[in-house]
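Here is a brief report on one protein chain. It moves from overall figures to single residues.

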Amino acid sequence: MLSAGLFGLGLGLAPALSPAFGQGVPSAHPWLDPALLAAAKPEGTLIVYSSTNEQEGLPLFKIFEEATGIKVEYIRNADSPLMSRVAIEYRANQKAWDLFHTTTVNKIPPQMLAQFEVPEAKSIAAEARDPGKRWYGVYANYNSPAYNTQKVKASDLPKTYEEFARHKEWAGKIAIDATDNVWLKAMFDFYGEPKGTQVVKDIVAALQPVLTDGHLAMARAVGAGEYALALNQFVNLAENVKIAGSPIEVFALDPVALFFGEVGISALAPHPNAARLAANFMLSQECQQFLAKFGRIPTRADVASNPPGIVELMQKKKVITELLTPEEERKWQRNFEALFKQR
């Protein structure tokens, strides 16, 4: 029986290949590779560490459990505590987990992750595949501004980030997550350091953005009208809040930062074959169609976003894939704090 741990909490996708949302979830599971299943069944168990909320993660892995007969232990927490946990367990040589599913798998030291290839990996976008074969992208995490449609008219939206500073009527009504270092890195990559610095300084001086804690909480706050806009938001979370009925919309500006919700396998996995089978499931059409119900943006060309057209909207702008190392992340977080706390 599926159980949850209680310790706390540039894609070139081809729209012509995308079916209508919800169409074609297979009754037989094409991802259920016979050789992988035969190797995994005797192991009997799969241990998943994930930052995906239980409302999505538990029913997702129930599909896997029912299709394979392999019991899943689902342990959920935020990215940072999970990263600390796996580091401690690795140093202690503990075979504690099999599958890691967060946006930070690419930051785990390579020696802690197994190299693997599974059949479904060939169907995801090239940008979502680690050249070292230690992680693969399960969903795309695009970054863009978002706004409350009852607080801001679409005709008033800025066409560039420079234009944000002209809207002084939004002062104190605009938010950004206090950890948006990936967005800042993309801004500097797009504008160059001198202009990027000035654009951000002008926004901070004119609008006094509120620093928030958590992108989902911020999306909900924008949807509820607590803030008129988010200077940057994870698109999939804004869509999740929109699906729930809130008046929130994203709009794309250059640059669009991109990273991934990724899956990796422990180099010390106690159930390595079950982990490979589960990774194959997570890269499958069936899994990504399921995640699209919650607004997650697929990394496969044969799965449509929900609502349709999100990938195409983002791709109209300059998409910059940002996969920061831990050292780079610390550097850009310091830069972010210096710029946004200057007032």
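## Overall surface and shape

The accessible surface of this protein is about 14,200 Å², and carbon and sulfur atoms account for 52% of that area. The model is a predicted one. Of its 343 residues, 54% count as buried.

The fold holds 11 helices and 12 strands. Its radius of gyration is 20 Å, close to the 20 Å expected from the globule rule for 343 residues, so the protein is as compact as a globular protein of that length. Along the principal axes, the C-alpha atoms fill a box of roughly 65 × 45 × 35 Å.

## Charges

The protein carries 35 positive and 37 negative charges. The mean positions of these two sets lie 2 Å apart.

## Helix α6 and its cover

Helix α6 spans residues 215-224. Its buried residues are His215, Met218, Ala219, Ala221, Val222 and Gly223. Which elements cover them? The cover includes the strands β5, β6 (174-177), β7 (210-212), β8 and β9, along with helix α7 (235-243).

Just after α6 comes Gly225. Its phi is positive, at about 90°.

## Ala230 in strand β8

Strand β8 runs over residues 229-234 and contains Ala230. Is Ala230 buried or exposed? Its relative accessible area is 0%, so Ala230 is buried.

Beyond its neighbours within four places in sequence, Ala230 is in contact with Pro145, Ala146, Ile174, Ala175, Met218 and Val222. Two of these contacts, Met218 and Val222, are themselves among the buried residues of α6. Tyr147 is 83 residues from Ala230 along the chain, yet their C-alpha atoms are separated by 6.2 Å.

## Gly196 in helix α5

Gly196 sits in helix α5, which covers residues 193-207. Its relative accessible area is 0%, so Gly196 is buried. Outside its neighbours within four places in sequence, its contacts are Phe188 and Tyr191.

How far is Gly196 from Ala175 in space? The C-alpha atoms are 19 Å apart, with the two positions 21 residues apart in sequence. Ala175 is one of the residues in contact with Ala230.

## Two buried threonines in loops

Thr52 lies in the loop between β2 (45-50) and α2 (54-68). At 6% relative accessible area, Thr52 is buried, because the cut-off for that class is under 20%. Its side chain makes a polar contact of 3.4 Å with the side chain of His101. Leaving out neighbours within four places in sequence, Thr52 is in contact with Gly57, Tyr74, Arg76, His101 and Arg296. His101 thus appears both as a contact and as the polar partner.

Thr299 is also in a loop, between β11 (297-298) and α10 (310-315). Its relative accessible area is 0%, so Thr299 is buried. What lies 2.8 Å from a polar atom of its side chain? It is the backbone oxygen of Gly137. Residue 137 falls within strand β5 (136-148).

## Cis peptide bonds

A cis peptide bond joins Asp254 and Pro255, with omega at about -5°. Pro255 is in the loop between β9 (248-250) and β10 (256-265).

Another cis bond joins Asn306 and Pro307. Here omega is about 0°. Pro307 belongs to the loop between β11 and α10, where Thr299 is also found.

## Positive phi outside glycine

Asn93 is not a glycine, but its phi is positive, at about 60°. Asn93 is placed in the loop between α3 (79-91) and β4 (99-102). Its relative accessible area is 57%, so Asn93 is exposed, the cut-off being over 50%.

Lys133 is another residue other than glycine with a positive phi, near 65°. The loop between β4 and β5 holds Lys133. How accessible is Lys133, and what class does it fall in? With 34% relative accessibility, Lys133 counts as partly exposed.

Conventions:
Residues numbered from 1 in each chain as written. Predicted model: local features only at pLDDT ≥ 70, side-chain atom pairs only at ≥ 80, totals over all residues. Heavy atoms only, no water. Helix = DSSP H or I, 4+ residues; strand = E, 2+ residues; numbered from the N terminus. Buried < 20%, exposed > 50% of the residue type's maximum accessible area, 1.4 Å probe, protein only. Contact = heavy atoms within 4.5 Å. Polar contact = N/O pair within 3.5 Å; in protein donor to acceptor, adjacent residues only side chain to side chain. Rg over C-alpha atoms; globule rule 2.2 N^0.38 Å. Areas by Shrake-Rupley, 256 points an atom, 1.4 Å probe, with all protein chains shown as cover. Lys, Arg positive; Asp, Glu negative; His and termini not counted. Charge placed at Lys NZ, Arg CZ, Asp CG, Glu CD.
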